[in-house]
Amino acid sequence: MKSILIITSVLSLAILLLSAVALYDTTGPAGFVENRAALVVRKIGHTLLLHAGDSTSRVMPVRQTDKATFELAFQSPFSFMPDTLVHIVRTQLASYNLPADYLVNVFDCSSHEVVYGFAIGPGQADILSCQGRVQPQGCYTIQIAFTDFDQAASPTRTYLLFTLALASLAAFVFVGKAWVKPPTTPPSEEQEQPISVGSYAFYPTQGVLKNNHDTISLSEKETKLLTIFAVKPNQLIERDRLLKEVWEDEGVFTGRSLDVFISKLRKKLQNDTSVRLTNVHGKGYVLEVDA
């Protein structure tokens, strides 16, 4: 019991020390918000490339052109849906408590002309255009300019204090639970009943495919897709159902992304010739498994 109290005290003191350092950091609240904004802008670029089916090329370092304007460049050309870009920007900026009043412009790298843009502002009507029109593959630079940046800095310290207070409370709860409740082991392959997919054993909870020779890790979306197929082998699964069940939480349904992830699944199943992911043109896909 004494050791538990010591651990709890150390954790609490550490959190209080971090509070003091953060609150009196020489960069000040505005600097904190600017650094936070740069990180979120980079995450926006990462998420946009994933929607375009690109998980390998680089998102270049964010360039801050002035106090409230950030520019994002990419290593490789890509295409995007305006609807998808709007959704990603709004979701990410709202999730990380950044200003809700901003202007987004997408520039062509060669001509430096604005090929797409939109404006969001709580005090006025949003300006959204060209939704539903696919922007062709090309080299793009995205600029996000906050028009109400200063006001976001003022509540930063309060927000930080609130966050650290929650962290302190969580530390007490965690230590308390560790004292009264024995640790539980995470589910193992032995505890989870796999689904047979040809010669593979598919573990949906762990996102893993296994056979006698290979252990293959699956991404979250690959796992969701294969789960839908595996419970109904040799049956047509409509494209609309796959898009709704796998991409529903993101609010944007992207047919191109579905095709990309189906291709990735095919490669991971290619070592078993008895398993095939077949496209039924205009309808959907079938996971064919030979008896």
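1. Setting aside neighbours within four places in sequence, N105 is in contact (heavy atoms within 4.5 Å) with V114, Y116, G117, T141, I142 and Q143. N105 belongs to strand β4, residues 102-108. Strands (E, at least two residues) and helices (H or I, at least four) are DSSP runs, numbered from the N terminus. N105 counts as buried because its relative accessibility is 16%; buried means under 20% relative accessible area, exposed means over 50%, and partly exposed lies in between (1.4 Å probe, protein chains only).

2. A word on the basis of these points. The model is predicted, and local features need pLDDT of at least 70, side-chain atom pairs count only at pLDDT 80 or more, while totals for chains, interfaces and linings use all residues. Residues are numbered from 1 along each chain as its sequence is written, and side-chain values use heavy atoms, with hydrogens and water left out.

3. The structure holds one disulfide, for which the criterion is a pair of cysteine sulfur atoms within 2.5 Å. A disulfide is a covalent bond between the sulfur atoms of two cysteines. Here the partners are C109 and C139, with their sulfur atoms 2.1 Å apart. The disulfide is left-handed because the torsion about the S-S bond of C109 and C139 is about -75 degrees. C109 sits in the loop between β4 and β5 (114-120), and C139 in the loop between β6 (135-138) and β7 (140-146), so the pair ties together parts that are 30 residues apart in sequence.

4. Are the two cysteines buried or exposed? C109 is partly exposed, with a relative accessible area of 24%. C139 is also partly exposed, at 36%.

5. The largest nonpolar core has 30 residues, and those with the most contacts inside it are L85, F118, I142 and F146. Such a core is a set of buried Ala, Val, Leu, Ile, Met, Phe, Trp, Tyr and Cys residues joined through side-chain atoms within 4.5 Å. Two or more residues each come from α2 (28-51), β2 (69-73), β3 (78-80), α3 (82-95), β4, β5 and β7. Helix α2 gives the largest share, seven residues.

6. I142 merits separate mention. Not counting residues up to four places away in sequence, I142 touches L48, F70, E71, L72, F74, L85, V104, N105 and V106.

7. Apart from the largest core lies another, of 26 residues, including V197, F229, L243 and L287. F229 is also one of the buried residues of helix α6. This helix, residues 220-230, is mostly covered, as eight of its 11 residues are buried.
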